[in-house]
Amino acid sequence: MIALLREAQPDSAVLDLKQLDSMAAFEAALSQQQVRQLHLLNLESLSKAQQQDFFKGFNYHREHIARNCGGFLLFWLPEHLVAKLAVEAADFWAWREQVFDFSLPLEPVERFLFDDLVKNRNADASIKQKRIKEIEDFLAYSTEELSLTAADLKRELGDLYTSIGEYTKAKKMIETAIHEYGQLDEAYTRGAVRSDLANLLADQGELDQALNILQEQVLPVVKQLGDIYAKTVTMGKIADILYERGELDEALRIRQQEVLPIFEQLGDVRSKAVTMGKIADILYERDELDEALRIRQKEELPVYERLGEVREKAVTMGKIADIFKQRGELDEALRIQEQEVLSIFERLGDVRGLLICQTQIARLLQDIDAKANKDKIDELLRLALADAKRLKLPKDIERIEGIMKELVA
């Protein structure tokens, strides 16, 4: 394409950013070019740190670049860096005249944005809010009616909304992403996002609807694609819903016989740890506390600590506190909740995790000395109930209101 354009417009030149490797070198080379067309290549060949340097430089030095470029600046980028440029150098992006897509049709590629989503969930609340604003601004400005980039960003935005408790916005954005992936014929990713929707519905107590999505819309797709990993993840989510419905035996069977062996076979350490935690949930319900505690401390925590998964570590520590409470070790349970769990959910802006922690602390204070701790208990439950109602979480609302009634009685 560049060769054809240069043939049509001989007054042109090419700058290879890989050879220049810094913003300063680029600007020095730019000042020496007085051509009608200037093509920029190979940003994707640089390291992430170098790319970030260029993004910042393009954004902050855009006026200087405009003064030193007497013709057209043609920036050649792969699709993922087009989206990156739009977000990281938004002011520079706003000056573009047009965007052309020269990509060729490819065979469908399995795409799963799990790593990025996990990174977002473990980010501090301020970082989440910043990322939300970046995506919202990009989507508001974008004139593209349909693109894979936009669909991916909408899925990411839905996940971010979920992580901060904006469930109404999350549901709308996730449903939009599902629709767009369908139009783009992205069956694999559409199934993954339908799983996201099922998770959201399950959190809000819509267990039958969530189960239907997984069994009727997600499972047939991953089976048809022959994707063992995605099928195993889906079966795990089905087991989660069965657990919520009180069908513990079937949930345990699926986790032990259909999920855990596959993750072990695939060498997926994280997924194995998550599954072991789900098995520990059932053992806890059956009062098998010692084995549940062993799993939490020996097979979950070390994995999350090694992977830097702050949120999952906090959830696990909260469940360890539940075990201590069940064994009558109330002071240790309270210490864990107040010192090792509460602050993490506050920092992450995780409203659901926070309200669960507040409820557990109130419950512990009630068991330790309800009369002496009455004011603090009332405040914790009031805050937790307000968030549970805002997020429309029926099971949490019922649990909190039940504790409140006990206190009155």
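Leu15 stands opposite Leu40 in strand S2. On S3, the bridge partner of Leu40 is Phe75. These two contacts introduce the sheet of this predicted model, and the report proceeds from the strands to the aromatic cluster, the surface and the salt bridges.

**Strands and overall architecture**

Strand S1 (residues 12–16) pairs with S2 in the parallel sense over 5 bridges. S2 also pairs with strand S3 (residues 72–75), again in the parallel sense, over 4 bridges. Strand S2 itself (residues 37–41) is mostly covered, as 4 of its 5 residues are buried. In the protein chain as a whole, there are 22 helices and 3 strands. The C-alpha trace spans about 85 × 50 × 35 Å along its principal axes. Of the 409 residues of the chain, 45% count as buried.

**Aromatic pairs**

The count for the structure comes to 6 aromatic pairs. In one of them, Phe26 and Phe54 meet edge-to-face, with 6.4 Å from centre to centre and 65° between the planes. Phe26 lies in helix H3 (residues 23–31) and Phe54 in helix H4 (residues 48–60), so this pair ties together parts that are 28 residues apart in sequence. Phe26 has a relative accessibility of 0% and counts as buried; Phe54 is likewise buried, with a relative accessible area of 0%.

Phe26 also forms an edge-to-face pair with Phe58, at 5.6 Å centre to centre and with 75° between the planes. Because Phe26 lies in helix H3 and Phe58 in helix H4, the pair ties together parts that are 32 residues apart in sequence. Phe58 counts as buried at 0% relative accessibility. Ring pairs link Phe26, Phe54, Phe58, Phe75 and Phe92 into a cluster. Phe75 is thus a member of this cluster and also the bridge partner of Leu40 in S3.

A further aromatic contact involves a charged side chain: Arg62 lies over the face of Trp95, at 5.6 Å from the ring centre.

**Nonpolar surface patch**

Met1, Leu4, Phe100 and Phe102 make a nonpolar surface patch of about 460 Å². Met1 lies in the segment before helix H1 (2–8). At 49% relative accessibility, Met1 counts as partly exposed, because the exposed class requires over 50%.

**Salt bridges**

A search of the whole structure finds 41 salt bridges. Among them are the following:

| Salt bridge | Closest N to O distance |
|---|---|
| Glu134 and Arg131 | 3.3 Å |
| Glu291 and Arg294 | 2.9 Å |
| Arg327 and Glu329 | 3.3 Å |

Glu134 and Arg131 both lie in helix H9 (residues 125–141), 3 residues apart, which is about one turn of the helix. Glu291 and Arg294 both lie in helix H17 (residues 289–307), and here too the spacing is 3 residues, about one turn of the helix. Glu291 is partly exposed at 33% relative accessibility, and Arg294 is partly exposed with a relative accessible area of 34%.

For the salt bridge between Arg327 and Glu329, both partners fall in the partly exposed class: Arg327 has a relative accessible area of 34% and Glu329 one of 33%. Elsewhere, salt bridges that share partners join Asp203, Arg352, Asp396 and Arg399 into one network.

Definitions and conventions
Residues numbered from 1 in each chain as written. Predicted model: local features only at pLDDT ≥ 70, side-chain atom pairs only at ≥ 80, totals over all residues. Heavy atoms only, no water. Phe/Tyr/Trp six-rings, centres within 6.5 Å; stacked < 30°, edge-to-face > 60°. Helix = DSSP H or I, 4+ residues; strand = E, 2+ residues; numbered from the N terminus. Buried < 20%, exposed > 50% of the residue type's maximum accessible area, 1.4 Å probe, protein only. Lys NZ or Arg CZ within 6 Å of the ring centre and 35° of its normal. Pairing = 2+ DSSP bridges. Patch = residues over 30% accessible without salt bridge, like charges linked within 9 Å, V, L, I, M, F, W, Y side chains within 5 Å. Areas by Shrake-Rupley, 256 points an atom, 1.4 Å probe, with all protein chains shown as cover. Salt bridge = Lys/Arg side-chain N within 4 Å of Asp/Glu carboxyl O.
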